[in-house]
Amino acid sequence: MQSNILIIGGNGMVGKTIARIFKSRNPQHPIFIGGRKPGKTDHDLVIDVTKPDTFQTILDKKIHLIILSVNDKEDYILRFAIENNIDYLDITKPTPDLMRAYDFARTQPVKSRIVFSSGWMGGIVGGLVNTFSNAVDAVQLFVYYSVKDLAGESSAHFMAENVSKPFSMYKNNKPVSVKHFLNSEPFTYSFGIGKRTAYNFDVPDLYILNKIEKIPDVSVKMTYNSKFITWLLGAFQQIRIFNILSLKERKMIFGSSGKGDQSVFDIVITSKNGSKTISLKSAKGQAELTALSAVLHTEELLNSRHENKVYFSHQLHKPEVLLDSLNSYESINIQTRE
């Protein structure tokens, strides 16, 4: 059956990539693009997430599924989707916004599928963790971020706004307050990257893996492709330079974007019976991987009879099927080692 898909923020980098990948795999489903400015076709809709009076067009076009790829701080689109029984997939929320939106959504009388997919690279980490059949005691996510990668504004703006604010990792099911770019740890990254110094990094998987998947110990650390930049950010945090910089100045620090590079992360999963590391490389970078993840979640919603309720995106998938779907994509390489 044909379904009308709306990508709000579809003119942004990730939104355009979602549209490209989805069209190539699912040409039977019409795609509409929502943005603040008029487009050139009747599939380009004027939708401003800060102005609910622009949402009527969603009903006029009989949209079945909304993919939100732009930050909606007031959750207007989420509320609209719930009120009008429209399936909803959100790939944008930083941890505090995700927690607030999830707490709201699960108290509502939901009659559609409401899916939060804001974890690292489109919310696939939880699914990869669940390929480990034994009870998991700890997960360590190590992110490799390249300043040469083609990146959008949202993650850079989040870092600029939150770099000086504490966030929580989890130890023995208790939150441990930390800050970005502190508590350095050596880690040997996969795919030839080698040994790097990794620092604290806030992603929604911290909350999702502990509170939803009930994993007692969860941490996330990251390194940049440039060892000097990684060291410099750690030094800035150590001597509290970020505290005295303006938001504009912090955005300049984190807002650089290159012409494209690989994106890599390693997940170290530990149980009483041993450990396993799952390593993933996206040769086309983080935008491609995030968009692919969103497309896989969308296909699962379209092709499977998931009941109407609130989900985190990894809960839509059988873990082994998600792993195979990612691994079969031409620019994705996944390695597993015990």
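Trainee: In this predicted model, which residue forms a salt bridge with D75, and how far apart are the closest N and O atoms?

Mentor: The partner of D75 lies in a distant part of the chain, since D75 sits in the loop between β4 and α3 (76-83) whereas the partner sits in the loop between β5 (87-90) and α4 (95-105), 18 residues apart. D75 forms its salt bridge with K93, and the closest N and O atoms are 2.7 Å apart.

Trainee: Are D75 and K93 buried or exposed, and which residues are joined with them into one network?

Mentor: D75 is buried, and K93 is buried as well. The structure holds 11 salt bridges. Salt bridges that share partners join D75 and K93 into one network with D90.

Trainee: What separates D97 and R100 along helix α4, given that their side chains meet in a salt bridge?

Mentor: Side chains of opposite charge can pair when their charged atoms come close. For D97 and R100 the N to O distance is 3.4 Å. Because the two residues are 3 residues apart in helix α4, the separation between D97 and R100 is about one helical turn.

Trainee: Which of the words buried, partly exposed and exposed applies to D97, and which to R100?

Mentor: D97 has a relative accessible area of 9%, and since buried means under 20%, D97 is buried. R100 has a relative accessible area of 41%, which lies between that limit and the 50% above which a residue counts as exposed, so R100 is partly exposed.

Trainee: With which residue does the side chain of D103 meet in a salt bridge?

Mentor: D103 is itself partly exposed, with a relative accessible area of 36%. The salt bridge, at 3.1 Å from N to O, is the one in which the side chain of D103 meets that of R106.

Trainee: Which strands pair with β1, and in what sense?

Mentor: β1 (residues 5-8) is covered on both faces, with I5 and I7 buried on one side and L6 and I8 buried on the other. I7 stands opposite I33 in one partner strand, while L6 stands opposite I66 in another. Each pairing comprises 4 bridges and is parallel, and the partners are β2 (residues 31-35) and β4 (residues 65-68).

Trainee: How does the chain cross from β1 to β2, and what is the handedness of the crossover?

Mentor: β1 and β2 pair in the parallel sense. The chain passes from β1 through helix α1 (residues 13-25) to β2, and this β-α-β crossover is right-handed.

Trainee: Which residues touch the most other members of the largest nonpolar core, and which helix gives the most to this core?

Mentor: The core has 98 residues, and those that touch the most other members are F116, F265 and L326. Leaving aside residues up to four places away in sequence, F116 touches residues including L78, Y88, K93, L98 and F312. The helix that gives the most to this core, with 7 residues, is α12 (residues 286-303).

Trainee: How does the radius of gyration of the chain stand against the globule rule?

Mentor: The chain contains 13 helices and 16 strands, and 56% of its 338 residues count as buried. Its C-alpha trace spans about 55 × 45 × 40 Å along the principal axes. The globule rule gives 20 Å for 338 residues, and the chain is close to that and so as compact as a globular protein of that length, with a radius of gyration of 19 Å.

Terms used:
Residues are numbered from 1 along each chain as its sequence is written. This is a predicted model: local features need pLDDT of at least 70, side-chain atom pairs count only at pLDDT 80 or more; totals for chains, interfaces and linings use all residues. Side-chain values use heavy atoms; hydrogens and water are left out. Buried means under 20% relative accessible area, exposed over 50%, partly exposed in between (1.4 Å probe, protein chains only). Two strands pair if DSSP finds at least two bridges between them. A crossover is right-handed if, with the strands pointing away from the viewer, the path from the first strand over the helix to the second runs clockwise. A nonpolar core is a set of buried Ala, Val, Leu, Ile, Met, Phe, Trp, Tyr and Cys residues joined through side-chain atoms within 4.5 Å. Contact means heavy atoms within 4.5 Å. A salt bridge is a side-chain nitrogen of Lys or Arg within 4 Å of a carboxyl oxygen of Asp or Glu. The radius of gyration is taken over C-alpha atoms; the globule rule is 2.2 Å times the number of residues to the power 0.38.
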